[in-house]
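Hi,

Here is the model I said I would pass on. Have a look, and my notes are underneath.

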Amino acid sequence: AAIHCWNMQSGREEWTHDEEGVAPDFAVSGKWLLYTGVEKGRVQLMARVAEKGFGAYSIETKRPYRDYVGAGAVILADTGDDVLFAVNPEKGAPAWKFQTHDKLVSRALFDGNEIYGVDAGGGLYAISPDGKKNWGVDLDQPCVSSPVLSGGHVVVASARGEVFGVKDGKIRWKTKVGGEVEFAPVVAGAALFVLSNRGDLSCLD
C-alpha cells in the first residue's frame, strides 16, 4: 500500500510513501497528516508532515483508529469499541479517552464548543474538548448514524426509524420516519432530510 500527496492547484504529485498496511481513513490537523498504519508488524497511529511527507512519530494502538474528527487542539478517533480517543497531534501523544456504554459505530461531531457522540445502544453524549462529560441521554434505541446539528438541537436518527432532537441533555422532540435509518440526516437551511434504508426520504422542519 502507498500514500500519495498531490498539489491541488497543479495536479502534480508532491510525494509518495509506501506502507505495510494503511487503514482507509485520514485526518489533517494543521501541518499533520494522521492515519493508521503498520510498522514492524504492529498497528500504529502514524503522523507525517503533510506538506513534505516525512514521518514524525507513531503511537502504538491495539486496533486501527477510524472516523477521525478535528476538535480544537485534538483529533478524535475510535476503534469500533466503546472508547472515544483524543490525540494531540502537536505533542504526538494521547490527550484523553472517554468511555461509552456501548461500542461506537458512527463519527463524532464537534460544533466548536462541544463534542457529540452516539453509541450503538443509543447513548448520546456531550463532551468538552478536554474530555469531560457535560451531559448524556439514553435514547433507548439502537443507533448507527452520526449526529448532526439543526435548529440548536443535536439530531440523531435511530435504527428503528425514529428521529430525536436533543438539547441540553433532554429530548425536546421525536418523530417517526419510514423504516430503519443508518444514514446521518442532512441539514439544508431550516430543513432536515432523513433517508431510510428502504429509500423513503422525509423532510422535517
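Below is what I found, strand by strand.

First, the ground rules: this is a predicted model, where local features need pLDDT of at least 70, side-chain atom pairs count only at pLDDT 80 or more, and totals for chains, interfaces and linings use all residues. Residues are numbered from 1 along each chain as its sequence is written, and side-chain values use heavy atoms, with hydrogens and water left out.

Strand β8 covers residues 74-78 (strands are DSSP runs of E, at least two residues, numbered from the N terminus). Five of its five residues are buried, meaning under 20% relative accessible area with a 1.4 Å probe, protein chains only. Val74, Leu76 and Asp78 sit on one side, with Ile75 and Ala77 on the other. In a regular strand, side chains alternate between the two faces of the sheet.

β8 also has partners (two strands pair if DSSP finds at least two bridges between them). Strand β7 (residues 66-71) runs antiparallel to β8, joined by four bridges, and Arg66 stands opposite Asp78. Two residues separate β7 and β8 in a hairpin, and Gly72 in that turn has a positive phi of about 70 degrees. Strand β9 (residues 83-88) is also antiparallel to β8, again over four bridges; there, Leu84 is the bridge partner of Asp78. The β8-β9 hairpin has four residues in between, including Gly80 with a positive phi of about 85 degrees.

Elsewhere, β19, β20 and β21 form an open antiparallel sheet in that order. β19 (186-188) and β21 (201-204) each have a single partner strand, so one side of each is left without a neighbour in the sheet.

Cheers

Terms used. Buried < 20%, exposed > 50% of the residue type's maximum accessible area, 1.4 Å probe, protein only.
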